[in-house]
Amino acid sequence: MKRSLALLPFLMACAAAHAQTGNAEAAKGKVSMCIGCHGIPMYKTVFPEVYSVPMIAGQSPEYLVKALQAYKAGERGHPSMRGIARSLTDQDMADVAAYYGRAGKAGK
């Protein structure tokens, strides 16, 4: 048991080292599916229910990646977002997150 606990910091460091680095420039060709909802202030979807779509520009890239991963895994429930997230690779998610994270900083 002590040996397993001693390995935990090492395993966490390895996981962090393998995290994808996002490329905001590469995301420019990937965000068209995001802009249609997330780029419209106060936009609400009507399918499958009325839902206020959040603005994601300026959001933490780490948060965006985790949210997309949760949609892809089915841990978050919006059907449209699940479908979109399932079409994204880990690199796509990192790129989109870098793009939207940078978008908020450029506006400040």
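Here is a short walk through the structure above, from its surface to its largest pocket.

This is a predicted model, in which local features need pLDDT of at least 70, side-chain atom pairs count only at pLDDT 80 or more, and totals for chains, interfaces and linings use all residues. Residues are numbered from 1 along each chain as its sequence is written, and side-chain values use heavy atoms, leaving out hydrogens and water.

Let us start on the outside with Val46, found in the loop between strand E1 (44–45) and strand E2 (51–52); strands here are DSSP runs of E with at least two residues, and helices are runs of H or I with at least four, numbered from the N terminus. Val46 counts as exposed because its relative accessibility is 69% (exposed means over 50% relative accessible area, buried under 20%, and partly exposed in between, with a 1.4 Å probe and protein chains only).

Next, look at Tyr99 and Tyr100. Rings of Phe, Tyr and Trp (its six-membered ring) pair if their centres lie within 6.5 Å, and planes under 30 degrees apart count as stacked, over 60 as edge-to-face and the rest as tilted. By this rule there is 1 aromatic pair. The ring centres of Tyr99 and Tyr100 are 5.2 Å apart and their planes stand at 85°, so the pair is edge-to-face. Are these two residues buried or exposed, or in between? Tyr99 is partly exposed, at 21% relative accessible area, whereas Tyr100 is buried, at 6%.
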